[in-house]
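Visitor: Please take one chain of this structure and look at it closely. I am new to it, so explain the terms as you go.

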Amino acid sequence: MIKINIDGRELEVKENITVLQAARVANIDIPTLCFLKEINAAGDCRMCVVEIEGRRGLVPSCNTMVEDGMVIRTNTPQINETRKIILDLILSSHNRTCLTCVRNGNCELQTLAQKFGMAEIEYPGQEVEPHIDDLSPSIVRDASKCIMCKRCVAMCKNIQKVSAIDVAGRGFKSHISTANEASLNDVNCTNCGQCIQACPTGALREKETIDDVWLKLKDPDSYVVVQTAPAVRVALGEEFGMKIGTNVTGKMVSALKRLGFDKVFDTNTGADITIMEEAHEFIERIKENDVLPMITSCSPGWIKYIEMNYPELLPHLSTCKSPHQMFGALVKTYFAKKEKIDPKKIYMVSVMPCVAKKFESQRPEMKNEGLRDVDNVITTRELARMIKQAGIEFADLEDAQFDDPMGEATGAAAIFGTTGGVMEAALRTAQDVLTGQDLPKIEFEAVRGGNGIKRATVNIAGKDLKVVAASGLANAQKIMEEIKSGKADYQFVEIMACPGGCIMGGGQPIKSSKTRREVDVRKLRADALYSIDEKSTIRKSHENPAVKKIYEEFLEEPGSYRAHKLLHTHYKERDKYKID
Amino acid sequence: MKTLEEINKIREQKRKELDLRVNLKAGTKEKHILVCRGTGCTSSKSPKIIENFKNILKEKNVENVRVIQTGCFGLCAKGPIVIIRPEDTFYAMVTPDDCEEIINTHIIEGKKVERLLCKDVDGTLVDRLDELNFYKKQERIALKNCGVIDPENIDEYIAFDGYKALEKVLTSMTPDEVIQEVTDSGLRGRGGAGFPTGKKWMFAKMAKGDQKYVVCNADEGDPGAFMDRSILEGDPHCIIEAMMIAGYAIGANKGYIYVRAEYPIAVQRFQKAIEQAKEYGILGTNIFGTDFEFDLAIRLGAGAFVCGEETALLESIEGRRGQPRLKPPFPANAGLWQKPTLINNVETYANITKIILNGAKWYSSIGTETSKGTKVFALGGNVVNIGLVEVPMGTTLREIVFDIGGGIPDGKEFKAAQTGGPSGGCIPAEHLDTPIDYESLSAIGSMMGSGGLIVMDNTKCMVNLAKFYLGFTVDESCGKCTPCRIGTQRMLEILERITEGNGETEDISKLEKLAHTIKNASVCGLGQTAPNPVLSTLKYFKDEYVAHIEDKKCPAGECKALANVEINPELCKGCGICKRQCPVNAISGEVKQPHKINPEICIKCGACVDKCPFKAISK
């Protein structure tokens with residue numbers, strides 16, 4: 001512990017913390033804009049400047065470490081005036097059409113403007129020219145809303161190691177750009193959407209497609225089916241003021257039914273089917289001495305990443321489609337046949353924590369007999385908007401159940417939403433299938449938790465398996481390099497593009513930098529998923545009665561011809577940059 | 001590879017051979033025709049002059065005459081410059097066509113070509129370089145070899161004590177002794193901030209690291225400054241030698257020089273110098289038979305001003321966007337690739353070899369109490385003798401502008417001088433007698449900077465000057481931090497509207513408030529100093545701002561939007577010169593009748609004002 005003085009108060013704080021953190025200990029909230037915990041502490045915006053005795057000028061608190069005896073002032077008239085002018089400058093060049101902005105009410109710039117009582121712009125002048133890039137199916141960029149905090153760049157470049165975006169130009173003309181100023185759609189973007197999560201304003205947002213859903217819901221000739229991913233249910237409540245990590249499955253199903261969907265299904269059922277197929281594929285690969293390690297394929301951002309960056313490793317990818325795509329394919333075949341509905345009339349909507357799924361659903365491979373597996377992907381945020389637009393008091397809703405026959409799911413499927421979850425679910429099934437027993441050990445602690453890379457050796461049916469679960473594309477890159485260099489001896493690899501997994505996906509509710517500083521959003525959401533698993537009566541995918549029935553009535557067995565046709569896919573090498 | 005003995009032998013022989021370069025009475029049959037091949041003279045065809053000299057000498061079979069290319073002589077306004085040694089005859093503004101006459105008259109007949117001799121400010125013909133007032137008050141330490149040796153010939157460098165300081169350091173001094181010598185000399189960073197060089201070396205030496213680097217900052221970016229370029233062009237080996245001495249002192253075996261690609265001659269000469277030093281075994285391993293090793297490489301900058309900021313420079317060398325890093329940690333602890341790194345500017349290095357050879361005591365005897373040695377200034381603007389000058393610290397601005405610079409041309413008055421480029425400030429006439437050193441310049445609101453010195457006469461508008469420098473900063477800001485990225489743009493916009501006649505009373509206080517915020521809150525030196533031109537012009541010439549804003553007038557008559565060009569009918573004789581001069585046909589009138597200007601057509605260029613023989617037109 002070291003002694004410091006903040007605003008005249010003596011304080012003992014830990015060593016190796018920043019002035020920003022130390023101030024929080026003293027119950028002082030220093031305003032920040034470009035700071036994002038563990039992602040960006042460049043000290044560029046200068047909102048968090050403080051005075052430190054003995055240092056020249058004002059210093060940023062977000063990246064200045066405390067030292068013993070340091071005397072810090074966070075709140076002098078000069079500091080306040082400086083922060084106000086900085087804010088004024090940012091606002092002066094910002095497109096201030098807040099009322100029609102997607103981030104109205106959840107914008108860090110707006111929050112600060114309110115806090116500082118910014119009544120008028122003191123230094124008006126040239127503004128950033130509006131430039132909207134909406135060619136990507138997943139992400140929309142609006143330069144006029146950008147405040148050059150570069151949190152998105154830090155995310156894309158350092159955390160994801162994708163570097164689809166970076167700063168171009170100088171001075172007032174500097175802006176966030178892609179290679180050759182091309183659209184995000186035509187560069188090495190993986191569509192993971194982590195940039196959206198990093199953005200404090202409305203400069204980055206999902207490509208919203210809820211208007212099409214409303215149209216279909218109104219159309220009497222359409223049979224509109226919705227499915228919801230595991231991670232959505234532990235985050236949706238946040239959009240309605242509920243605590244982070246609240247499980248709102250029942251209310252969510254209730255709201256979807258009120259919105260008018262003809263059927264409300266659970267992507268978790270699809271996840272259980274994915275496990276059936278993936279575990280089968282894995283066992284086959286081991287038996288046949290086929291390409292190992294096998295790598296999971298549920299995360300579409302990850303799939304685009306490997307197609308662009310490691311095409312030589314594509315044979316390692318499981319051929320399984322992601323759960324919602326499998327599920328969509330089954331809705332338009334198995335379900336349609338069973339309920340005698342013309343599959344052409346079915347409009348399949350997936351509610352996902354992910355913006356890359358928007359891209360995935362449009363891939364040409366994701367079709368059967370000319371029909372898309374999934375017609376529209378909306379994010380958790382978009383669903384919240386629909387619920388709000390419909391005037392539904394979400395928090396007061398009664399719980400409802402998913403519809404049969406595709407609404408039943410296991411605890412194994414629930415944990416698909418967090419890093420390590422797919423691995424754990426697969427291991428539960430693999431060990432039972434290999435031993436022919438119903439084994440009681442189903443919790444694989446080694447692949448749980450928030451670490452970006454979790455390596456483990458697990459004993460399955462008397463055999464040691466080396467596995468690894470990695471989340472975040474920088475970590476994925478490390479594992480791929482290990483495999484490429486021949487250093488890796490894993491048999492099974494789980495990769496999720498977003499750090500922490502789907503619960504932290506690009507389509508999830510956006511948490512402010514302040515919230516992310518104060519609570520571990522990932523852990524709270526993950527705990528909620530593990531709690532769903534723990535409370536589930538059935539916790540192994542192959543024991544899901546609905547899934548068993550689908551195999552009995554339709555698919556026959558995992559890896560069958562029909563299963564392959566509907567539930568598996570293939571990959572292709574992809575250029576990073578579209579060159580005309 | 002050459003042994004130390006061989007190098008010493010070269011020095012001895014070559015020194016005798018080149019005695020005529022520095023000795024007026026050198027007893028030699030030879031004559032050397034020195035032709036400046038600095039950037040300025042090169043662009044005025046000095047390569048062709050060299051070629052012509054050589055061809056003519058060959059044609060005429062003249063023996064014992066050598067044509068030598070040299071670095072900058074300093075008096076760039078008179079270029080291309082040709083000097084003939086040993087008699088030291090100074091020929092100015094020589095053209096390739098003059099070569100034959102020079103050879104015939106001077107070399108063969110032994111007479112001076114009078115028409116090419118340099119005229120001093122008072123009109124007297126000067127036939128020797130050191131008789132020019134321009135050179136009288138100068139003391140050349142950093143520029144010692146510039147204009148004396150052929151920069152592309154390592155033997156010539158060796159002849160004039162080249163690599164002798166390195167030999168001394170490697171064979172008879174410990175690293176601590178070297179640092180002590182530099183510390184005792186009082187040398188401070190010539191890049192602008194004036195940090196004590198010895199201290200910087202000490203920090204780099206004390207820093208722990210398996211690998212250390214020595215970097216030379218040659219990203220000279222201040223508008224009007226070109227001393228670093230001239231040193232690299234005229235004496236590249238002295239920088240190599242100094243960097244090696246620094247490497248020995250701090251424990252580094254690898255160096256980088258970061259030069260802007262806009263300096264092609266400097267880059268090419270430096271590259272050649274590295275190759276020659278390697279060939280002689282001076283760069284490499286087991287240097288001079290010791291276990292010291294050193295390697296050096298050039299990195300080119302793409303012309304971003306901010307890359308002159310040391311941490312942005314390091315980022316650029318590492319291959320990233322040139323943006324400043326957060327300090328601390330300072331480069332001495334975490335520099336290039338996070339390894340301890342010493343960064344000094346070209347001119348700083350250029351002093352090192354002389355300090356080592358002549359001693360700290362000698363060096364510290366020059367200059368003022370706090371600023372030792374000399375400083376090179378790039379003298380430009382409204383001054384007669386435009387060029388490079390090196391003067392002892394403590395020389396007054398008046399001496400530089402009037403005694404060395406020859407005063408203000410066209411009979412105009414001195415108004416102010418800008419030092420420190422876009423980071424500095426203006427110095428008005430009342431401070432002409434301030435002795436120039438780091439402290440006194442900052443005390444009057446300017447700064448030493450890298451040494452750009454722009455002189456302005458009374459026709460220059462100080463608001464416009466501030467606008468010019470702000471425009472530069474806006475273009476060159478990297479955009480990393482908010483105050484510099486948006487703040488300088490807003491300051492420029494305010495200055496633009498003031499000079500266009502749209503200023504408002506509160507603009508002055510707005511400018512001041514914003515200026516202080518940018519100074520206090522910006523990340524790096526670029527932003528922290530960007531408002532200085534505005535603050536210093538506000539300090540000394542606030543009345544001009546007020547005149548623009550309140551009276552909508554530009555007292556200097558420079559701001560076109562505020563100018564009102566009128567012909568006084570009482571003075572106009574109807575000669576018609578103005579009518580012929582006007583580029584847009586805005587003037588009409590009969591011969592011998594007062595003329596008139598149509599204000600709707602007039603573009604306020606002022607061409608008529610300057611040409612009217614009766615001073616009948618005013619702006």
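Guide: What follows goes from the whole of chain A to one sheet and then to the side that touches chain B. This is a predicted model, in which local features need pLDDT of at least 70 and side-chain atom pairs count only at pLDDT 80 or more, while totals for chains, interfaces and linings use all residues. Residues are numbered from 1 along each chain as its sequence is written, and chains are lettered from A and ligands numbered from 1 in the order in which they are written.

Chain A has 19 helices and 20 strands; helices (H or I, at least four residues) and strands (E, at least two) are DSSP runs, numbered from the N terminus. Of the 580 residues in chain A, 53% are buried, meaning that 20 or more other C-beta atoms, placed from the backbone, lie within 10 Å of the residue's own. The C-alpha atoms fill a box of roughly 75 × 55 × 55 Å along the principal axes.

One open sheet has 3 strands in the order S6-S7-S10 of chain A, with antiparallel pairing; two strands pair if DSSP finds at least two bridges between them. Strand S6 (132–133) and strand S10 (204–206) are its edges, each pairing on one side only. S6(A) is joined by 2 bridges to strand S7 (residues 139–142) of chain A, and Asp133(A) stands opposite Arg141(A) in S7(A).

Elsewhere, 25 residues of chain A are in contact with 25 residues of chain B, contact being C-beta atoms, placed from the backbone, within 7 Å. Helix H2 (residues 77–93) of chain A gives the most to this side, with 7 residues.

Methods
Buried ≥ 20, exposed ≤ 12 C-beta atoms within 10 Å, placed from the backbone. Contact = placed C-beta atoms within 7 Å.
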